[in-house]
Amino acid sequence: MSTSAHQPATDTAVRTGGTVTDRLVEANRTYAARFEDPGMDARPVLKVAVVACMDARLDLHAALGLELGDCHTIRNAGGVVTDDVIRSLTISQRALGTRSVILVHHTGCGLETITEDFRMELEEEVGQRPAWAVEAFRDVDQDVRQSMQRVRTSPFLLHSDDIRGFVFDVTTGLLREIDPAV
């Protein structure tokens with residue numbers, strides 16, 4: 001079962017009586033029937049880790065010309081460098097051989113529309129404040145700079161000489177490089 005590029009998966013799942021997860025599991029069965037083990041290990045061929053926002057509009061492999069096995073991809077809300085991103089990058093570099101880090105934020109990010117008050121709102125709703133920071137921001141360029149600085153200054157990372165940050169324009173598909181020194 002397939003959906004058009006403009007038709008949400010939830011619409012198809014609802015029409016066929018299943019859930020979105022049912023649709024994805026069925027898609028996996030179709031994928032697995034044609035799957036051939038590519039014979040790769042976990043070490044990325046290009047020795048690069050890409051940290052990016054989880055936004056569904058970002059098709060990182062297509063936007064960066066990447067193939068399966070080329071990179072490690074680490075995604076979260078905003079693509080911000082958190083302790084868990086440093087954890088993943090440390091494992092990527094020290095155990096799996098990556099040397100370069102590319103950070104990809106994007107225009108129109110949802111983190112530009114909320115504030116750290118989001119944590120207090122959650123606390124009011126569920127009775128417990130999350131331990132994590134929202135990492136909301138107003139200036140995407142400055143947030144990319146902050147993320148680059150967090151990677152560059154982490155004592156856990158072996159390689160900090162090839163760290164570059166970009167803003168992906170969701171309307172044009174183009175990357176704009178951010179100067180870390182501005």
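A disulfide is counted here as a pair of cysteine sulfur atoms within 2.5 Å. In this predicted model, the structure holds 0 disulfides.

**Cysteines**

Why does Cys53 form no such bond with Cys109? The closest cysteine sulfur to that of Cys53 belongs to Cys109 and lies 4.2 Å away, which is too far for a bond, since the cut-off is 2.5 Å. Seen from the other side, Cys109 is likewise in no disulfide, and the nearest cysteine sulfur to it is that of Cys53. Cys53 counts as buried, at 4% relative accessibility, and Cys109 is also buried, with a relative accessible area of 4%.

**Salt bridges**

Turning to charged side chains, a search of the whole structure finds 7 salt bridges, including the three listed in this table.

| Salt bridge | Closest N to O distance |
|---|---|
| Glu26 and Arg29 | 3.1 Å |
| Glu123 and Arg129 | 3.0 Å |
| Arg164 and Glu177 | 2.7 Å |

Where do Glu26 and Arg29 lie? Both belong to helix α2, which covers residues 20–34, and because they are 3 residues apart in this helix, about one helical turn separates them. Glu26 is partly exposed, with a relative accessible area of 33%, whereas Arg29, at 52% relative accessibility, counts as exposed.

In the salt bridge between the side chains of Glu123 and Arg129, Glu123 counts as partly exposed at 31% relative accessibility, and Arg129 counts as partly exposed at 38%.

The salt bridge of Arg164 with Glu177 has its closest N and O atoms 2.7 Å apart. This pair links distant parts of the chain, with Arg164 in strand β4 (residues 163–168) and Glu177 in strand β5 (residues 175–178), 13 residues apart. Arg164 is partly exposed, its relative accessible area being 40%, and Glu177 is partly exposed with a relative accessible area of 41%.

**A negative patch**

Which residues form a negative surface patch? The patch is made up of Glu116, Asp117, Glu121 and Glu124. Of these residues, Glu116 is placed in the loop between β3 (100–106) and α5 (117–126), and at 34% relative accessibility Glu116 counts as partly exposed. That value is consistent with membership of the patch, because patches are made of residues with over 30% relative accessible area and no salt bridge.

Methods
Residues are numbered from 1 along each chain as its sequence is written. This is a predicted model: local features need pLDDT of at least 70, side-chain atom pairs count only at pLDDT 80 or more; totals for chains, interfaces and linings use all residues. Side-chain values use heavy atoms; hydrogens and water are left out. A salt bridge is a side-chain nitrogen of Lys or Arg within 4 Å of a carboxyl oxygen of Asp or Glu. Helices (H or I, at least four residues) and strands (E, at least two) are DSSP runs, numbered from the N terminus. Buried means under 20% relative accessible area, exposed over 50%, partly exposed in between (1.4 Å probe, protein chains only). Patches are made of residues with over 30% relative accessible area and no salt bridge: like charges are joined within 9 Å, nonpolar side chains (Val, Leu, Ile, Met, Phe, Trp, Tyr) within 5 Å. Accessible areas come from the Shrake-Rupley method with a 1.4 Å probe; for residues, only the protein chains shown count as cover. Lys and Arg count as positive and Asp and Glu as negative; His and the chain ends are not counted. The place of a charge is taken as NZ of Lys, CZ of Arg, CG of Asp or CD of Glu.
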